[in-house]
Amino acid sequence: MLYPIAIEKGSATEAYGVQVPDIAGCFSAGDTFEEALDNAKEAIAFHLEGLAEDGDEIPMASSIEKFINHDDYKGMIWAIVDIDVSRYLGKAKKINVTLPSRLIQMIDDHLKNDTRFTSRSAFLAEGAEKLLRTH
């Protein structure tokens, strides 16, 4: 899932501060921009792990456009971090899905050239997450 993060620019004496608007209470920092990105990924993973352990819902990622003009993030730098949320959504469960044969062929053809997905299931799961995010 692609979570937008708002980064407050650091200086020679201050770290870069990071806020994750989609995940209440999720903050991080880093001495460099790259460190701030890495630490944001760790903070998100840690936060999502806690939510999953407590049985709380895993927040879906929004687009940057939802937050970019909000006063709380004025003057911040925006970035997106990719977090694999599948491990926080529960144990994998096998289901039987019926799809048109042409659609299956199109998916398989796409997967031959797209290394982001290890299987049809991963492809379909990401598509479902994206669709759920828009509603």
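**Exercise 1.** In which loop is the place of Ser62, and is this residue buried or exposed?

*Solution.* Begin with the position along the chain: in this predicted model, Ser62 sits in the loop between H1 and E4. Next, consider its relative accessible area, which is 19%; since buried means under 20%, Ser62 counts as buried. Finally, look at what its side chain touches, and you will find a polar contact of 2.7 Å that links the side chains of Ser62 and Asp22.

**Exercise 2.** Work out which strands pair with E1, and in which sense they run.

*Solution.* Take E4 as the starting point: E1 and E4 run antiparallel and are joined by six bridges, and within this pairing Pro4 has Ile80 of E4 as its bridge partner. Then turn to E2, which pairs with E1 over three bridges, again in the antiparallel sense, with Ala6 standing opposite Gln19 of E2. As a last step, examine the burial of E1 itself: five of its seven residues are buried, so the strand is largely enclosed by the rest of the structure.

**Exercise 3.** Describe the largest nonpolar core, and state which element supplies the largest share of it.

*Solution.* The largest nonpolar core holds 23 residues, and those with the most contacts inside it include Tyr3, Ile5, Ile44 and Leu48. At least two residues of this core come from each of strand E1 (2–8), strand E2 (16–19), helix H1 (33–53) and strand E4 (77–82), and the largest share, seven residues, belongs to H1. Apart from this core lies another, of six residues, among them Ile64, Phe67, Met76 and Trp78.

Definitions and conventions:
Residues numbered from 1 in each chain as written. Predicted model: local features only at pLDDT ≥ 70, side-chain atom pairs only at ≥ 80, totals over all residues. Heavy atoms only, no water. Core = buried A, V, L, I, M, F, W, Y, C linked by side-chain atoms within 4.5 Å. Buried < 20%, exposed > 50% of the residue type's maximum accessible area, 1.4 Å probe, protein only. Helix = DSSP H or I, 4+ residues; strand = E, 2+ residues; numbered from the N terminus. Polar contact = N/O pair within 3.5 Å; in protein donor to acceptor, adjacent residues only side chain to side chain. Pairing = 2+ DSSP bridges.
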